[in-house]
Amino acid sequence: MRRTSFLGRVALSLLLASAVASNAAADPVDDLLKDFAAQGAGNFSAQAGERLWDHAVTDPKSGEARRCSLCHGDDLRRSGKHATTGKAIEPLAPSVNPKRLSNRADIEKWLLRNCKWTLGRECTPQEKGDVLLMIRAR
Amino acid sequence: MNRKTRLVAILLALSAVSQTTWVTQSLAATKIFPPIANAGYQKECGSCHMAYPPEFLPARSWNRVLGSLQDHFGDSAQLDAATQQRIHDYLVANAADKAQNEHSFAIMHSLNASEAPLRVTATPYIAGLHAAVLDPAWRPNPRPKTLAECSVCHLRAQLGDYSMRKFTVTDEAFRGHGEL
């Protein structure tokens with residue numbers, strides 16, 4: 001009995017380890033960074049991502065100064081609030097919200113939409129990589 | 001078929017008809033919206049604002065909304081083509097012009113056939129009901145920046161129930177609180 005359960009435990013931990021390993025290999029942020037590098041970006045830096053995050057751009061139509069924290073708040077580990085509708089936005093930091101940065105299509109969709117709203121243009125591959133590193137570290 | 005059985009058959013047929021009518025009427029009488037039955041709609045649209053019941057706008061409005069996601073009230077709400085089509089089909093299939101819901105009837109009744117508003121709150125019926133909410137003169141509380149988040153005042157909006165509301169204005173004549 002004892003031996004079987006021990007073997008069972010070994011098998012289970014092996015299974016878990018391989019699952020973790022395959023997850024790590026398929027990390028969507030790593031995948032994206034590779035793609036951004038293939039587009040000429042490189043030396044991604046969380047510090048640069050932080051600067052872009054705090055950078056304010058005046059929206060020509062509304063005249064309001066837009067920055068990422070307007071919706072996501074100053075602390076990524078806490079909930080934000082949509083600047084227009086007031087709807088709660090779940091924390092962006094993967095350390096408290098593991099769903100974040102877990103789906104490549106979602107990451108790409110939000111980077112596209114939110115760069116356009118905040119900066120009035122799409123982000124460059126370099127900027128996207130920098131910001132993703134910054135968010136991942138939270 | 002003798003006279004007696006013919007009579008029974010007619011009575012049975014009549015009762016079947018009246019039963020059908022009764023069922024239709026009881027469905028039509030509802031003011032509650034069914035839960036959102038499309039995961040894509042809930043996810044893609046419900047991240048930034050409440051995923052409004054499709055029964056709030058006619059199909060012609062949803063066509064316009066889904067056709068202008070690049071500039072969705074000043075925001076980009078771009079979707080991939082397949083997702084957009086699925087959400088479009090769900091919204092149009094359940095739109096106000098097809099829904100058996102009292103609010104939908106009132107919304108449709110308040111619109112001209114040529115009108116296709118982009119906002120739920122731009123339909124005359126809904127706009128009229130909310131005229132005081134954004135008027136600073138009434139010092140409304142809570143005071144939402146826009147009317148986009150129904151659940152700020154309609155505490156059971158997520159359940160499709162808009163009958164309960166919590167909203168106050170300071171003018172005595174307009175003061176209301178809780179369930180009316």
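A nonpolar core is a set of buried Ala, Val, Leu, Ile, Met, Phe, Trp, Tyr and Cys residues joined through C-beta atoms within 7 Å. Keep that idea in mind as we walk through this structure, which is a predicted model.

## The two chains

Let's start with the overall make-up. Here are the two chains next to each other.

| Chain | Residues | Helices | Strands | Buried share |
|---|---|---|---|---|
| Chain A | 138 residues | 6 helices | 4 strands | 20% |
| Chain B | 180 residues | 6 helices | 0 strands | 22% |

Follow chain B from its N terminus and you read α-α-α-α-α-α. Chain A mixes things up: its pattern along the sequence is α-α-α-β-β-α-β-β-α-α.

What about contacts inside each chain? Take the pairs in chain A that sit at least 6 apart in sequence, and 54% of them join residues at least 24 apart. Do the same for chain B and you get 57%.

The chains also touch each other, with 10 residues of chain A in contact with 14 residues of chain B. On chain A's side of that meeting place you'll find 2 nonpolar, 4 polar and 4 charged residues.

## Cores and domains

Now back to those nonpolar cores. The largest one holds 18 residues, and the members that touch the most others are B:Phe56, B:Leu57, B:Ala95 and B:Ala96. Three helices of chain B each put in at least two residues: H2 (39–45), H3 (59–66) and H4 (81–93). There is another core apart from this one, made of 8 residues, including A:Leu52, A:Leu76, A:Leu92 and A:Leu101.

Zoom in on B:Ala96 for a moment. Leaving out residues up to four places away in sequence, B:Ala96 touches B:Glu55, B:Phe56, B:Leu57 and B:Pro58, and also B:Ser104, B:Ile107 and B:Met108.

Chain B splits into domain 1 (1–30), domain 2 (34–120) and domain 3 (130–180). The centres of domain 2 and domain 3 of chain B, taken over C-alpha atoms, are 23 Å apart. Where these two meet, domain 2 of chain B brings 5 residues and domain 3 of chain B brings 6. The domain 2 side of this contact has 4 nonpolar residues, 1 polar residue and no charged ones.

## A closer look at A:Ala46

Next, a single residue in chain A. You can find A:Ala46 in helix H3 of chain A, which covers residues 46–54. Is A:Ala46 buried or partly exposed? It takes 20 or more other C-beta atoms within 10 Å to count as buried, and 12 or fewer to count as exposed. A:Ala46 has 17, so A:Ala46 comes out as partly exposed.

Which residues does A:Ala46 touch, not counting those up to four places away in sequence? They are A:Leu133, A:Met134 and A:Ala137. As for A:Arg78, that residue is 32 residues from A:Ala46 in sequence and 19 Å away in space, C-alpha to C-alpha.

Helix H3 of chain A packs against helix H6 of chain A (residues 125–136), with the axes 7 Å apart and an angle of about 100 degrees. Angles of 65 to 115 degrees count as roughly perpendicular, so that is the label for H3(A) and H6(A). On the H3(A) side, the contact is made by A:Ala46, A:Ala48, A:Gly49, A:Glu50, A:Leu52 and A:Trp53. From H6(A) come A:Glu127, A:Asp130, A:Val131, A:Leu133 and A:Met134. Sort the residues of this contact by class and you get 7 nonpolar, 1 polar and 3 charged.

Definitions and conventions
Residues numbered from 1 in each chain as written. Chains lettered and ligands numbered in written order. Predicted model: local features only at pLDDT ≥ 70, side-chain atom pairs only at ≥ 80, totals over all residues. Contact = placed C-beta atoms within 7 Å. Nonpolar A, V, L, I, M, F, W, Y, C, P; charged D, E, K, R; others polar. Helix = DSSP H or I, 4+ residues; strand = E, 2+ residues; numbered from the N terminus. Domains from an automatic or database assignment. Axes fitted to C-alpha atoms, helices over the stretch in contact; angles between N-to-C directions. Parallel < 35°, antiparallel > 145°, perpendicular 65-115°, else oblique.
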